[in-house]
Each structure stands twice: as structure tokens, then as C-alpha cells.
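The following note collects points for discussion on the model shown below. It takes up the ligand site, then a lysine, then the nonpolar packing.

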Amino acid sequence: MTGKTFFITGASAGFGAAAARLFAAEGNRLILAARRVDPLLQLQDELGKRADIHIIPLDVRDREAVQGSIEGLPERFRAIDVLLNNAGLALGLEPAHQVNLDDWETMVDTNIKGVMYCTRFILPGMVARNSGHIVNISSTAGAWPYAGGNVYGGTKAFVTQFSRNLRCDLLGTRVRVTCIQPGMAETEFSQVRFKGDGELAAGVYRGTEPLKADDIAETVRWVVSQPPHVNVNTIELMSIDQCWGPFAINRQSK
Ligand code: NDP
Ligand code: 8X3
């Protein structure tokens with residue numbers, strides 16, 4: 001995969017930064033978006049020698065900002081080949097009756113609306129060119145329930161079903177859609193979920209070999225490198241140290 005234009009949301013850390021490094025190394029043109037500017041500038045510094053990089057300080061929850069930044073792209077970045085809808089987060093692990101409602105709204109606004117906005121403003125160009133690929137980062141949390149996953153898992157279930165429905169709308173075009181559902185991966189994700197509590201975050205991965213950001217970037221590379229007639233619909237991947245649990249049973253009933 002070379003000479004393509006990628007739009008990567010959530011490029012300042014984790015999967016997005018790893019994808020940026022991988023696709024820059026292959027000589028692609030990258031648009032990197034996130035709220036934090038410093039890590040984006042560092043990536044531009046690091047990768048700019050190998051690839052043409054355009055950075056956008058962007059909060060994907062801001063519909064007008066998403067529209068403005070896409071419409072305002074420099075000419076050579078306008079024909080986006082791959083949209084990697086990756087920006088997202090989980091906040092908290094409390095049960096639904098105790099959760100902070102602002103956290104729920106932040107997850108909905110970021111994980112659902114951010115994906116909607118980026119897709120809606122980039123997709124028309126892909127359809128007009130009859131070429132392009134939308135890769136959405138969902139999660140095992142969107143397919144399998146767990147205590148405390150409440151709205152985070154709900155937002156990722158949206159991403160999974162939205163991806164499938166996009167495929168239906170795009171049938172008859174050469175625009176591809178893929179949904180990737182990773183399990184536990186060690187990035188800044190748990191730091192964000194536990195609001196900077198390093199001990200809680202480290203506990204998520206203790207004693208395991210979790211997925212790495214590079215594993216997800218490689219998965220993205222694989223799906224976008226398939227021949228144009230091949231659409232990889234969904235990929236679920238987990239660390240070898242993760243698996244499904246049995247049904248939970250309350251034994252305090254009587
Ligand atoms: P990180 O926390 O390492 O990275 C998340 C990225 O999303 C950051 O670049 C962050 O940038 C960006 N982001 C968050 N909110 C916004 C926003 N409002 N606007 C723009 N960018 C935003 O986590 P991961 O790399 O692990 O997560 C990437 C995606 O993968 C997420 O959608 C996550 O839900 C999903 N995922 C993660 C798994 C894991 O175990 N790590 C497993 C399965 C899925 P900034 O803060 O600078 O805005
Ligand atoms: C992240 C994976 O299991 O922490 O989407 O929700 S999990």
C-alpha cells in the first residue's frame with residue numbers, strides 16, 4: 001500500500017499513532033487528527049521525512065469543526081482513499097445506576113457522533129470517485145457484554161452495525177467498509193478510562209500479554225491491502241490471554 005491518502009482520527013496515541021507510523025513508512029500521504037496538538041506535531045516531525053503529513057487539531061464531537069477541517073483540506077489531501085475512524089474512548093467502569101452521566105454523553109458524542117460526522121463528510125468524495133475504504137474501530141465490547149461496559153459497549157455495537165449498514169448503502173459502488181473489533185490492547189486507553197489512575201490502568205494488563213497498537217495497525221494494513229474486489233467485513237481479534245467468560249450467576253437469590 002503506497003501513494004494513498006489516509007485520514008486517521010485519534011492519531012495522537014495508541015492505534016492511530018501506530019497506524020500513522022506504519023502507513024508513513026510505506027510512503028502514503030497522511031491526514032492526522034486528534035485534540036492534542038503536541039503529539040501530532042511530534043509525529044509530523046518524526047514521519048515528515050518519509051511522508052506528506054497534514055495535521056488537524058480536531059475534536060470529532062464538534063460537527064462544524066469536522067466539516068470545516070475536511071472541506072478546508074489542502075488540494076493534494078482532498079482525495080481520501082482510507083478513512084480510519086479510530087478516535088474513541090471508554091470512561092469509567094461503574095454500574096449503570098451509579099455512572100456519571102457526563103461520561104456516558106462523552107462516549108456517545110465521541111464514539112458514535114464522531115464516527116458519523118467523519119464518515120458523512122468524507123464519504124461523498126469516495127462515492128464520487130467510486131473508490132475508497134472506511135475502516136471503523138469497534139471493539140469486542142460491542143459484541144460481548146461485561147459488567148461496567150454499559151454505554152461504552154453500546155457505542156461500539158453502534159459502530160459494528162453502522163459499518164454493516166454502510167456496506168448495504170454502498171453496494172454497487174467500489175467503496176469498501178471494514179469493522180475491526182479488538183479485545184484488550186495496551187495503549188493509553190485504560191489511563192483514559194480510569195482518569196489517570198495508573199495503578200488501575202496497569203491492573204487491566206497485569207500478568208498478560210495484551211494486544212499492542214502495532215497489532216491493530218497491521219490488521220488495518222491487511223484489510224486495506226486486499227484486492228479491490230475483496231471487502232473484509234469484520235475482524236475480531238484478541239490477545240492469546242483473553243477469552244469469553246461463562247454466564248454470570250447470582251447465587252445470593254435464596
Ligand atoms: P488511546 O487512548 O491510546 O487513543 C485514543 C485516541 O483517540 C487518541 O489519539 C485521542 O486523542 C483520540 N480521541 C479521543 N477523544 C477524541 C475526540 N473527542 N476527538 C478527537 N480525537 C479523540 O486508545 P486506543 O488507541 O486504544 O483506542 C483507539 C480506538 O480503539 C478507540 O475507539 C477505542 O475505543 C478502540 N479500542 C481500544 C481497545 C483497547 O483495549 N485499547 C480495544 C478495542 C477498541 P486526543 O486525546 O489527543 O484527542
Ligand atoms: C476495549 C476493550 O474489553 O476494555 O474496547 O472494553 S474492553
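1. Ligand 1 has 30 residues around it, of which Ser-12, Arg-35, Asn-86, Tyr-152 and Thr-187 come nearest; a residue is near if one of its heavy atoms lies within 4 Å. This is a predicted model, in which local features need pLDDT of at least 70, side-chain atom pairs count only at pLDDT 80 or more, and totals for chains, interfaces and linings use all residues. Residues are numbered from 1 along each chain as its sequence is written, chains are lettered from A and ligands numbered from 1 in the order in which they are written, and side-chain values use heavy atoms, with hydrogens and water left out.

2. Oxygen atoms of ligand 1 lie 2.6 Å from a polar side-chain atom of Tyr-152, 2.8 Å from a polar backbone atom of Phe-15 and 3.5 Å from a polar backbone atom of Phe-189.

3. Lys-156, in helix H5 (residues 150–170), is buried (under 20% relative accessible area, 1.4 Å probe, protein chains only). Lys-156 nevertheless has no salt bridge, and the nearest side chain of opposite charge, Glu-236, is 13 Å away. A salt bridge requires a side-chain nitrogen of Lys or Arg within 4 Å of a carboxyl oxygen of Asp or Glu. Leaving out residues up to four places away in sequence, Lys-156 touches residues including Asn-111, Ile-137 and Ser-138 (heavy atoms within 4.5 Å).

4. The largest nonpolar core (buried Ala, Val, Leu, Ile, Met, Phe, Trp, Tyr and Cys residues joined through side-chain atoms within 4.5 Å) has 36 residues, and Ile-8, Leu-30, Leu-32, Val-135 and Val-224 have the most contacts inside it. Helix H1 (residues 14–25) supplies the largest share of this core, 8 residues.

Methods: Buried means under 20% relative accessible area, exposed over 50%, partly exposed in between (1.4 Å probe, protein chains only). Helices (H or I, at least four residues) and strands (E, at least two) are DSSP runs, numbered from the N terminus. Lys and Arg count as positive and Asp and Glu as negative; His and the chain ends are not counted. A polar contact is a pair of N or O atoms within 3.5 Å; within protein, one must be able to donate a hydrogen and the other to accept it, and residues adjacent in sequence count only if both atoms are side-chain atoms.
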